[in-house]
Amino acid sequence: MRSKFKWIFTLLVAFTMQFSFAQEKTVTGVVSDELGPIAGANVVVEGTTRGTTTDFDGNYTIKAKQGEVLVISYTGKKVAKVTIAAANLYNVSLKDDVLQGVDVVVLGYGVEKGKNEITGNVVKLSTADLEKSTFLSIDQAMQGKVAGLTISTSSGTPGSVQDVRIRGIQSINASNSPLYVIDGVPVVNGDLDGSGGVNGSLNALSSLNPNDIESMTVLKDAAATSVYGARGTNGVIIITTKKGKKGDAKFNFRAGVGFVNNASRGLTPLNGSQKQELFEEAIFNSFGGIIGDPADTYDFIDAVGIAPDLIDWNNNGRQNYDWEKEMMNKDAMVNDYGLSVSSGNEKNSFYASLGLNNSEGTTIGSDYKRIVGVINYQTDLTSKLKFYTSLNGSNIIQNGVMEGGAYFSNPNLSKYFLSPWINPYNADGSYNIVDINNFTSLHNTLYTATKNIRRNEVVRATSNSRVEYDIIKDLKFTSVIGLDYILTTYKGYANPNHGDGEGIGGYLEESASRNFNLVAQNSLDYKFRIKDKHRFAVKGLVEYQKNKANYLYAYGENFPNDIFTSLDNTSANQAVSGNYSDWASRSLLGLVNYNFNNKYLVDVSYRYEGNSRFIQQERFGSFYSVGLAWNIHEEEFAKKALPFFSTLRLRGSHGLSGNAGIGLNEYQSLLNFDGSYNQNPGSYPSTFGNNVGWENAVKNDFGLDFGMFEERLRGSFAYFDNKTYDMLLDVPLPLSSGFTSTRANVGEMTNKGLEIELSYDIIKNNNLTWNISGNYTALQNEVTKMSDLVPTITTGTRRIEVGHTVNEWYMPTWAGVDPANGDPLWYVNGVDGATTNIYANAERVYQGESALPTYSGGLSTSINYKGFFVDASIYFAGGHKVYEDWAGYTQTSRASRFGPFNATTVLYDGRWQQPGDIATHPRLEWNNTIVNNSTNTSSRFLYDGDYVRLRDISFGYNVPSSFLKGTGLDGVQFVVRGNNLLTWVKDDRLKYDPEVRADGFTRLSTPPTKSVMFQLNLNF
């Protein structure tokens, strides 16, 4: 009986224990590392779809049963597993995973490597790096963050194109822009503006929402870029978008409101009194013998009628009219909002977002609106088959201004050209569009900015889809297809009452541009090991890219009124035109990676590529790269002799890449059929044709990477030597051919430089972290060979010649103003010694520098203390010169020019007035040849381009989760961000913003902007 009772008792205990193990309960805990709690860590019950993420204080809560296993993961940390027992509290400390923490896309095409597996030169920017910028276009966030990368703002108008250069200028005539790759697929990039440059530009990258970007990786050397063949010769920027994360659906809402102003003012226009003083002085200097007494100069001006606007201004009370102020949109508003959701389980993940942006321009008449929607989805269809797709749709409306040239309705031009003697308004407050015609040929830009239309609208849809199939263990097939469709429409309307449309009843031009880009990739990946220490990865890939572009243009004049603005309302000079173009490339790619015991690494790539831009015999080219790396810190001797080095590695690469960035169909001898004769179709030769082949570049890179004191001090040193040969340059043709030049493979050029990157964690504990980092690049460019037919290429300001930097400034050298008589002076020999006041007698010489910075870099710091944080970074560049392009008007001493328009205060403050004056500007004259020539091209308006800019600064606070209990919120963040708030310029003569386009010229366009944004970030 006792024995039977024992058996029954044992069964009851076992049943009770089994029931308790099977019963689900609530498990809590804190996930942390050596610095403290980790927000956003994934906590998943292994083998199930149950999961969650930690809040800002690292807390998590999840339902689990005894015996089940929690899997805790976070980017940059080793995965931890915890088996649930009787307890309900499980705190987990995650350890650093160095490889995982610095995963970067090295070769693209789905290949990801850790920092100690890289043989090439790459730099990765994470979400934390990118979100510090408040600019519309994601490429602007890279400035000052990547050694060897320079960015120049073409205009401060919202959505404008940026000039991005990686390691200098790689080509003279072919493209210098890097390749952009989104989620493994090359995409269309560049200028989408439909006005033909009248409005400035519209950046294709502005169609992306920066909040959807997970990371950006910059590939710089041959080992990293050669896999992309010709497209990667100028560097590659890989953009990785955000994907869904395992766990319950998590929402994020962002809201930002701010204001924007010009980062620099530029030259200051004269007010009415200043202009009158200068004008009278110029008239007396020229006609003093007739006038006699300087006090009679005004009466002389009135009598001869050379300045009726001055007389009218004086007769009406001498009120100063500030056109500069009228053209500005001070404190332009910016509104940015975004909502995203992320969820996932063991088999599926999902990410979706919607972003809205509304940005005003800092000049009247300009603004930008954008809406972007994104859906990313990944799923394991079977144990062997995976599917991924990404859809991105965007709509952009950019109202621009005519800042692409010398257009009278350009507000940036008008503020310097419209006279302070002319009233912008009538007595009743309406715009002055009648009386103004009595005094100037310029338009009243206030009116044209209101009544005219200069609008770009872009609809862009991109789709990237990928299928992966595991054929057998370690052998995988991948198929990728990327589609990119861009529809750009432009509307340029000029009203019939005033401005460009006056006299023709107004006009309208409209265009529609459609671009379709297809990329298809199929690849096989095979990985295997030999005796554990020898690891191999092999990839074979076939890629095809096809681009098609359609363009349609229509024009018409003479509207019945200023209400209708459609083409069918025009009644005169109607015209239509259109064209179609396409290009294609095909490529075969092979990659081999060898890793011996994580110590010695070898990467080899070979790409055979064909491009339809070349004649059939020259269409295909072969490109390759070899990369080597030695992880010294993995050696036993290093672990003993150098224990303070957590990372120490040498790397180097060599490779050949190409450049096909020239116009379409140049190799063909073609006729144009858009001519007419007596209303009959006509044709004429349009291209001469050529037999050019690829422009090639040999690239060498050597680097040292290190990490010390458990990675608290990190850095790298790199030296690169790039040689471009068979450059695609123009050579002359006999005039009898009907053409002036054709393209040929001639010329060579080198780019050499040094790059340094350093980062140090000054303080690193649970309450306080402080990091400082920086990068520096020194660059040397030299032309080493030119064609015998064209030994030099000379423009009005620059020259290309062997032994010099490409496009080095080439002009007479300014010698100042003659103190005796106020004449302009130049050095006769262009260097020193004898001077001349005859411009034609001054020799043109090299000025020693070009528009290309010889050094650039950035410095950043980040401080975090108990939820509060401060981030700041500066950008600097120098060793180059900037030329003031409009000085012939804004700084002229010629009154017959500034009289109808205006001048600036540098002329007022620096002019010569009497013998002995040490002046910056010659004496004022009405119309004197010697004085007039003072604003001709010379080093007078060539300035040192060195500058330092506070690129971004942020102050923020993460609200502790303990304050949010019961609110339904997982996290709240408040941030104030500033961009371009301070700028220091070396040359105080340079009044315009020093950040100019890559060609080095200042322009009368909207300058780069500075902004302050107030942002709210909610997680729930």
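Colleague: How do the residues lining the second largest cavity divide into nonpolar, polar and charged?
Modeller: Bear in mind that this is a predicted model: local features need pLDDT of at least 70 and side-chain atom pairs count only at pLDDT 80 or more, while totals for chains, interfaces and linings use all residues. Residues are numbered from 1 along each chain as its sequence is written, and side-chain values use heavy atoms, with hydrogens and water left out. Nonpolar covers Ala, Val, Leu, Ile, Met, Phe, Trp, Tyr, Cys and Pro, charged covers Asp, Glu, Lys and Arg, and the others, Gly among them, are polar. On that split, the lining of the second largest cavity has 7 nonpolar, 9 polar and 6 charged residues.

Colleague: Which residues lie nearest the centre of that second largest cavity?
Modeller: A cavity here is a set of points on a 1 Å grid over the protein atoms alone where a 1.4 Å probe fits but cannot get out, and lining residues have an atom within 4 Å of a point. The second largest cavity has 22 lining residues. Nearest its centre lie Tyr992, Arg1003, Ser1005, Thr1006 and Pro1007.

Colleague: And which element gives the largest share of its lining?
Modeller: Elements are DSSP runs numbered from the N terminus: helices (H or I, at least four residues) and strands (E, at least two). The chain has 15 helices and 53 strands to pick from. The largest share of the second largest cavity's lining is 3 residues, and they come from α9.

Colleague: Now the largest cavity: which element gives the largest share of the lining there?
Modeller: The lining of the largest cavity takes in 42 residues, with Thr134, Phe135, Leu136, Val334 and Asn357 nearest its centre. Elements giving two or more residues are β18 (247–262), β19 (332–344), β20 (348–360), β51 (971–979) and β53 (1009–1019). By class the lining of the largest cavity holds 12 nonpolar, 24 polar and 6 charged residues. The largest share, 6 residues, belongs to β53.

Colleague: Over to the rings: how many residues apart are Phe417 and Phe901?
Modeller: Rings of Phe, Tyr and Trp (its six-membered ring) pair if their centres lie within 6.5 Å, with planes under 30 degrees apart stacked, over 60 edge-to-face and the rest tilted. That gives 37 aromatic pairs, and Phe417 with Phe901 is a tilted one, 5.2 Å centre to centre with 50° between the planes. Phe417 sits in helix α9 (residues 411–417) and Phe901 in the loop between α13 (895–898) and α14 (905–910), so the pair links distant parts of the chain, separated in residues by 484.

Colleague: Is Phe901 buried or exposed?
Modeller: Buried means under 20% relative accessible area, exposed over 50%, and partly exposed in between (1.4 Å probe, protein chains only). Its partner Phe417 has 5% relative accessibility and therefore counts as buried. Phe901 comes in at 17%, so Phe901 counts as buried.

Colleague: What about Tyr855, buried or partly exposed?
Modeller: Tyr855 forms a tilted pair with Phe876, 6.4 Å centre to centre and 40° between the planes. Tyr855 is in strand β46 (residues 855–865) and Phe876 in strand β47 (residues 868–878), 21 residues apart. Phe876 is buried at 18% relative accessible area. Tyr855 has 25% relative accessibility, so Tyr855 counts as partly exposed.

Colleague: What share of the chain do buried residues make up?
Modeller: Along its principal axes the C-alpha trace spans about 140 × 70 × 65 Å. Of the 1020 residues in the chain, the buried share is 53%.

Technical notes. 1 Å grid on protein atoms, 1.4 Å probe; cavity = no way out; pocket = protein on both sides within 12 Å on 5 of 7 lines; lining within 4 Å.
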